[in-house]
Every structure is written in C-alpha cells, then in structure tokens.
Amino acid sequence: MSAEWVGWLGGFLSAVQLLPQIVRLHHTRSADDLSRWSFAIRLTAYGLYLVHGRNIQDPPLFWMTLMGMVLLCITIGQMACYSSKKTEELEEPKKTEEPEQ
C-alpha cells in the first residue's frame, strides 16, 4: 500500500466521521447539546488544511478535507435549523384567538 493510499483512507475516515452526527441531528431534531465553538474551530482548521493541501499539491489531503468541510457545513446548517428556539417555534404554532360570537 503506497503512502498516497494511506492518505486517501485517513482522509476519507476523517471526513465521514460526521455522518453519524448528521443522521442523529436529523432524527432528534435537536442541536442543543453541541458546541458551536468546536464546529467553528473545525471549519477554520478545514479551511487552513485546504490551502495547505493545494499549496503542497497533495490530492488526498485537499479532496478529503473538502469532503469533510462539506459535511461539516451540512452539520452546521442542521444546528441552525434545529436550535431550541427554532424547534419550539416549529412545534408550537402561534394560536390566534377566535372572536367570540
């Protein structure tokens, strides 16, 4: 196994580690127990790795980091949709009082 394949495999596993989180967020529709700071730091790290992978012309590092970044953006989008404030608004629609007749 060449060193490049090890990079592809490591990058792939690093990227797909977010899939269980995406599925869990979809099923529970709750993101209250997730740290937004950890996702912001990881998004910044992915951006830096993308620049580095492009600069050193390392395809496994670049493409697997890009894949991880896409999955991370999906997770961040879910966090925005499923925050407790938005979830409460979705579950409890505003009730208007009907005028008495």
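Here is a friendly exchange about the predicted model shown above.

Colleague: Happy to have a predicted model to talk over! How many helices and strands does the chain have?
Modeller: Read along the sequence, the pattern is α-α-α-α-α. The secondary structure therefore comes to five helices and zero strands.

Colleague: What share of the chain's residues counts as buried?
Modeller: The chain has 101 residues, and its accessible surface comes to about 7,800 Å². Carbon and sulfur atoms hold 62% of that surface. Buried means under 20% relative accessible area, and the share of residues that count as buried is 25%.

Colleague: Of the contacts with a separation of 6 or more, what percentage comes from residues 24 or more positions apart?
Modeller: One pair far apart in sequence is Leu 34 and Met 79, which lie 45 residues apart along the chain and are in contact. For the chain, residues 24 or more positions apart account for a share of those contacts equal to 75%.

Colleague: Let's turn to H4. What is its reach from first C-alpha to last?
Modeller: Helix H4 runs over residues 59-81, which gives it 23 residues. At 1.5 Å a residue, the expected span is 33 Å. The reach in the model is close to that, at 33 Å.

Colleague: Which helices help cover the buried residues of H4?
Modeller: The buried residues of H4 include Met 64, Gly 68, Leu 71, Leu 72, Thr 75 and Met 79. In an α-helix there are 3.6 residues a turn, so residues three or four places apart point the same way. What covers the buried residues of H4 includes H1 (3-16), H2 (19-28) and H3 (36-55).

Colleague: Leu 34 caught my eye. Is it buried or exposed?
Modeller: Leu 34 is placed in the loop between H2 and H3. Leaving aside neighbours within four places in sequence, its contacts are Gln 21, Leu 25, Phe 39 and Met 79. The C-alpha atoms of Leu 34 and Met 79 are separated by 8.1 Å. The relative accessibility of Leu 34 is 16%, so with the cut-off at 20% Leu 34 is buried.

Colleague: Is the pair of Phe 62 and Trp 63 stacked or edge-to-face?
Modeller: A search of the whole structure finds one aromatic pair. In that pair, the ring centres of Phe 62 and Trp 63 are 5.0 Å apart and the planes stand at 90°. Phe 62 is partly exposed at 22% relative accessible area, and Trp 63 is partly exposed at 47%. Planes over 60 degrees apart give the label, so this pair is edge-to-face.

Colleague: Which ring does the charged end of Arg 42 sit over?
Modeller: The charged end of Arg 42 lies 5.4 Å from the centre of that ring. The residue carrying the ring is also in contact with Leu 34. The ring belongs to Phe 39.

Colleague: How many disulfides are there?
Modeller: A disulfide is a covalent bond between the sulfur atoms of two cysteines. Cys 73 is partly exposed at 42% relative accessibility, and Cys 81 is partly exposed at 45%. With a sulfur-sulfur cut-off of 2.5 Å, the number of disulfides is zero.

Colleague: Last one! Where is Gln 57, whose phi is a positive value?
Modeller: Most residues other than glycine have a negative phi. Arg 29, in the loop between H2 and H3, has a phi near 55°, and Gln 57 also has a phi near 55°. Arg 29 is partly exposed at 39% relative accessibility, while Gln 57 is exposed at 68%. Gln 57 is in the loop between H3 and H4.

Note on methods:
Residues numbered from 1 in each chain as written. Predicted model: local features only at pLDDT ≥ 70, side-chain atom pairs only at ≥ 80, totals over all residues. Heavy atoms only, no water. Phe/Tyr/Trp six-rings, centres within 6.5 Å; stacked < 30°, edge-to-face > 60°. Buried < 20%, exposed > 50% of the residue type's maximum accessible area, 1.4 Å probe, protein only. Lys NZ or Arg CZ within 6 Å of the ring centre and 35° of its normal. Helix = DSSP H or I, 4+ residues; strand = E, 2+ residues; numbered from the N terminus. Contact = heavy atoms within 4.5 Å. Areas by Shrake-Rupley, 256 points an atom, 1.4 Å probe, with all protein chains shown as cover. Expected span 1.5 Å × (residues − 1).
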